[in-house]
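This briefing goes through one protein model by topic. It starts with a term for burial, then turns to the ligand and to selected residues.

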Amino acid sequence: MPQRVAIVSGAARGIGAAIATRLAADGLRVGVLDLTADHCADTVRTITAAGGQAVALGADVSDEASVAAAVDLLDQELGAPTVVVNNAGITRDNLLFKMSVEDWDAVLGVHLRGAFLLTRAVQGHMIDAGWGRIVNLSSISALGNRGQTNYSAAKAGIQGFTKTLAIELGKFGITANAIAPGFIATDMTAATAERIGIPFEDYQAAAAAEIPVQRVGRPEDIAHTASFLVSEGAGFVSGQVVYVAGGPKN
Ligand code: NAD
């Protein structure tokens with residue numbers, strides 16, 4: 001079995017960093033993609049310190065040319081990627097009547113356009129290899145969440161995108177699945193707590209009380225699920241949305 005090469009977007013921190021680190025520990029070479037190569041340095045250092053192979057890739061996933069350049073650089077440095085994890089994300093929350101066109105476009109641009117551009121840039125390598133794994137980050141917000149018309153539309157869109165990829169690409173040995181996390185403690189949820197004026201500890205405690213397993217999620221919870229979906233043995237799991245939320249919802 002060849003050593004696989006993965007590209008993980010938004011991998012400088014949070015869930016993306018945990019996924020990149022886990023895939024490297026699983027034996028994959030990893031392209032760590034985030035807005036700048038400098039942003040990626042910590043994740044690359046963590047991977048290489050543990051004996052793994054990684055390269056930093058600076059790119060805005062919503063920009064076609066920079067995505068193509070990042071995939072080319074990864075191909076030259078570590079080999080052609082056949083695993084893509086579309087994890088880069090932003091929030092620009094507001095109630096509909098206060099939501100600007102810029103905030104709508106920014107969120108749809110990173111999550112949906114970004115996932116489309118990066119997947120399209122990698123799919124040729126997967127088809128050449130006759131094998132591939134696509135993992136896209138959705139969210140429980142896909143089911144609806146106050147103040148997130150833009151984000152919930154993007155995360156629901158990710159689910160349709162994923163299922164269609166599974167249908168189109170299955171015959172090439174490629175699977176596509178989505179992970180829909182619940183509340184995960186990261187800079188993203190810390191920023192939400194700050195915006196609504198609640199200490200992050202209190203915000204997490206309130207969330208945990210509503211979650212059946214009585215705790216909030218950690219980036220490693222999502223990395224574990226991504227590791228399974230990327231694994232060689234998961235080739236018959238495709239077009240699925242795996243809610244990783246400590247219960248059936250929340
Ligand atoms: P985070 O804000 O901690 O990290 C997101 C990363 O994406 C950052 O490093 C950021 O620089 C990068 N990024 C943003 N825009 C980018 C762009 N245009 N190009 C390249 N990189 C870009 O967020 P997180 O909590 O780790 O979330 C990761 C993913 O999981 C996101 O898609 C998010 O929507 C999703 N998610 C998070 C939660 C949660 O509770 N934290 C829940 C459900 C889904």
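A residue counts as buried when its relative accessible area is under 20%, as exposed when it is over 50%, and as partly exposed in between. By that rule Gly-124 is partly exposed, because its relative accessible area is 32%. The model is predicted. The ligand in it is surrounded by 29 residues, and the protein covers 94% of the 830 Å² of accessible area that the ligand has on its own.

**Ligand surroundings**

- Of the residues around the ligand, the closest are Arg-13, Asp-34, Asn-87, Tyr-151 and Thr-186.
- Arg-13 places a polar side-chain atom 2.7 Å from an oxygen atom of the ligand.
- Asp-60 has a polar side-chain atom 2.9 Å from a nitrogen atom of the ligand.
- Gly-182 takes part through its backbone, with a polar atom 3.4 Å from an oxygen atom of the ligand.
- Two or more residues of the shell come from each of the elements α1, α4 (101–129), α5 (149–169) and α6 (187–196).
- Helix α6 gives the largest share of the shell, three residues.
- Sorted by class, the shell holds 14 nonpolar, 10 polar and five charged residues.

**Helix α2 and Thr-43**

- Helix α2 spans residues 41–49, and its buried residues are Thr-43, Val-44 and Ile-47.
- These buried residues fall within an arc of 100° when seen down the axis of α2, so they line one face of the helix.
- An α-helix has 3.6 residues a turn, so residues three or four places apart point the same way.
- Arg-45 and Ala-49 are exposed and sit on the face of α2 turned away from its buried side.
- The packing partners of the buried residues of α2 are α1 (14–25), β2 (29–34) and β3 (54–58).
- Thr-43 is buried because its relative accessible area is 3%, which is under 20%.
- The side chain of Thr-43 reaches the backbone oxygen of Ala-11 at 2.8 Å.
- Beyond residues up to four places away in sequence, Thr-43 touches Ala-11, Ala-12, Arg-13, Ala-17, Ala-20, Thr-21 and Val-32.
- Arg-13 thus appears twice, as a residue that Thr-43 touches and as one of the closest residues to the ligand.
- Gly-51, just after α2, takes a positive phi of about 95°.

**Arg-4**

- Arg-4 lies in the segment before β1 (5–9).
- The relative accessibility of Arg-4 is 12%, so Arg-4 counts as buried.
- A polar contact of 2.9 Å joins the side chain of Arg-4 to the side chain of Glu-232.
- Residues up to four places away in sequence aside, Arg-4 touches Leu-28, Arg-29, Thr-82, Trp-131 and Glu-232.

**Helix α7 and the loop after it**

- Ala-208 lies in helix α7 and is buried, because its relative accessible area is 13%.
- Apart from neighbours within four places in sequence, Ala-208 is in contact with Gln-214, Arg-215 and Val-216.
- Gln-214 is found in the loop between α7 (200–210) and α8 (219–230).
- At 53% relative accessibility, which is over 50%, Gln-214 counts as exposed.
- Although Gln-214 is not a glycine, its phi is positive, at about 65°.
- Ala-208 and Gly-246 are 38 residues apart along the chain, and 9.2 Å separates their C-alpha atoms.

**Strand β7 and Val-244**

- Val-244 belongs to strand β7 (residues 241–244).
- With a relative accessibility of 17%, Val-244 counts as buried.
- Neighbours within four places in sequence left aside, Val-244 is in contact with Ile-179, Ala-180, Pro-181, Gly-182, Asp-221, Ile-222 and Thr-225.
- One of these contacts, Gly-182, also has the backbone atom 3.4 Å from a ligand oxygen.
- Val-244 and Ser-231 are 13 residues apart in sequence, and their C-alpha atoms are 18 Å apart in space.

**Helix α4 and Gly-124**

- Gly-124 lies in helix α4, one of the elements that give two or more residues to the ligand shell.
- From Gly-124 to Ala-185 the separation is 61 residues in sequence and 35 Å in space, C-alpha to C-alpha.

Definitions and conventions: Residues numbered from 1 in each chain as written. Predicted model: local features only at pLDDT ≥ 70, side-chain atom pairs only at ≥ 80, totals over all residues. Heavy atoms only, no water. Helix = DSSP H or I, 4+ residues; strand = E, 2+ residues; numbered from the N terminus. Buried < 20%, exposed > 50% of the residue type's maximum accessible area, 1.4 Å probe, protein only. Polar contact = N/O pair within 3.5 Å; in protein donor to acceptor, adjacent residues only side chain to side chain. Contact = heavy atoms within 4.5 Å. Arc of directions from axis to C-beta. Near = heavy atom within 4 Å. Areas by Shrake-Rupley, 256 points an atom, 1.4 Å probe, with all protein chains shown as cover. Nonpolar A, V, L, I, M, F, W, Y, C, P; charged D, E, K, R; others polar.
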